[in-house]
Amino acid sequence: QVQLVESGGGLVQAGGSLRLSCAASGRTFSRYAMGWFRQAAGKEREFVATISWGAMTYYADSVKGRFTISRDNAKNTVYLQMNSLKPEDTAVYYCAAEPRTYYSDSYYYRQEEYDYWGQGTQVTVSS
């Protein structure tokens, strides 16, 4: 069982920055694929960014060049640095983990690929 706890959300003005953190349980975190997703009010949850255990990354076009996903395996934590925030980035941000990549360095951008999810953290960007 993997538990994920997100933090770092809040209210920020357009153009500002936030860094989200996701602390994970599990002895083999260093072999997990990790992802960030978001869900705006009234919309479906969508992919934001993903990172493999070998640090390969992939981003949604809407955040490419503004957001950076990273991980610190010593701290069992994955981060999402969000710069140049826009009002349309307002959403609940969710962290997701997938342990089955232990023997294969892979990342996933589809929600159904992930078995474990955090509770989410709210990000609000004011104009």
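The following paragraphs lead through the nonpolar core, the disulfide and the aromatic contacts of this structure, which is a predicted model.

A useful place to begin is the interior. The largest nonpolar core contains 35 residues, and M34, W36, L80, M82 and Y93 are those with the most contacts inside it. Several strands contribute to this core: β3 (18-24), β4 (33-39), β5 (46-51), β7 (67-72), β8 (77-82), β9 (91-98) and β11 (121-126) each provide at least two of its residues. The largest share, five residues, is supplied by β9.

Strand β9 also takes part in a covalent link. A disulfide is a covalent bond between the sulfur atoms of two cysteines. The structure has one disulfide, and it joins C22 to C95, with a distance of 2.1 Å from S to S. C22 belongs to strand β3 and C95 to strand β9, so that the bond links distant parts of the chain, 73 residues apart. The torsion about the S-S bond of C22 and C95 is about -80°, and the disulfide is therefore left-handed. Are these cysteines buried or exposed? C22 has a relative accessible area of 0% and is buried; C95, at 0% relative accessibility, likewise counts as buried.

Attention may now turn to the aromatic rings, which form 10 pairs in the structure. In one of them, the ring centres of F47 and Y109 lie 6.1 Å apart with their planes at 65°; because planes over 60 degrees apart count as edge-to-face, this pair is edge-to-face. F47 is in strand β5, whereas Y109 is in the loop between β9 and β10 (116-117), so the pair ties together parts that are 62 residues apart in sequence. F47 is buried, at a relative accessible area of 15%, while Y109 is partly exposed, at 46%.

Another pair has a contrasting geometry. The rings of Y58 and Y107 have centres 5.6 Å apart and planes at 5°, so this pair is stacked. Y58 lies in strand β6 (residues 57-59) and Y107 in the loop between β9 and β10; the pair therefore ties together parts that are 49 residues apart in sequence. Both residues are partly exposed: Y58 has 33% relative accessibility, and Y107 has a relative accessible area of 28%.

These four residues belong to a wider arrangement, since ring pairs link F37, F47, Y58, Y107, Y108, Y109, Y114 and W117 into a cluster. Charged side chains also meet aromatic rings. The charged end of R100 sits over the ring of Y108, 4.7 Å from its centre, and the charged end of R45 sits over the ring of Y94, 5.1 Å from its centre.

Key:
Residues numbered from 1 in each chain as written. Predicted model: local features only at pLDDT ≥ 70, side-chain atom pairs only at ≥ 80, totals over all residues. Heavy atoms only, no water. Core = buried A, V, L, I, M, F, W, Y, C linked by side-chain atoms within 4.5 Å. Buried < 20%, exposed > 50% of the residue type's maximum accessible area, 1.4 Å probe, protein only. Helix = DSSP H or I, 4+ residues; strand = E, 2+ residues; numbered from the N terminus. Phe/Tyr/Trp six-rings, centres within 6.5 Å; stacked < 30°, edge-to-face > 60°. Lys NZ or Arg CZ within 6 Å of the ring centre and 35° of its normal. Disulfide = S-S within 2.5 Å.
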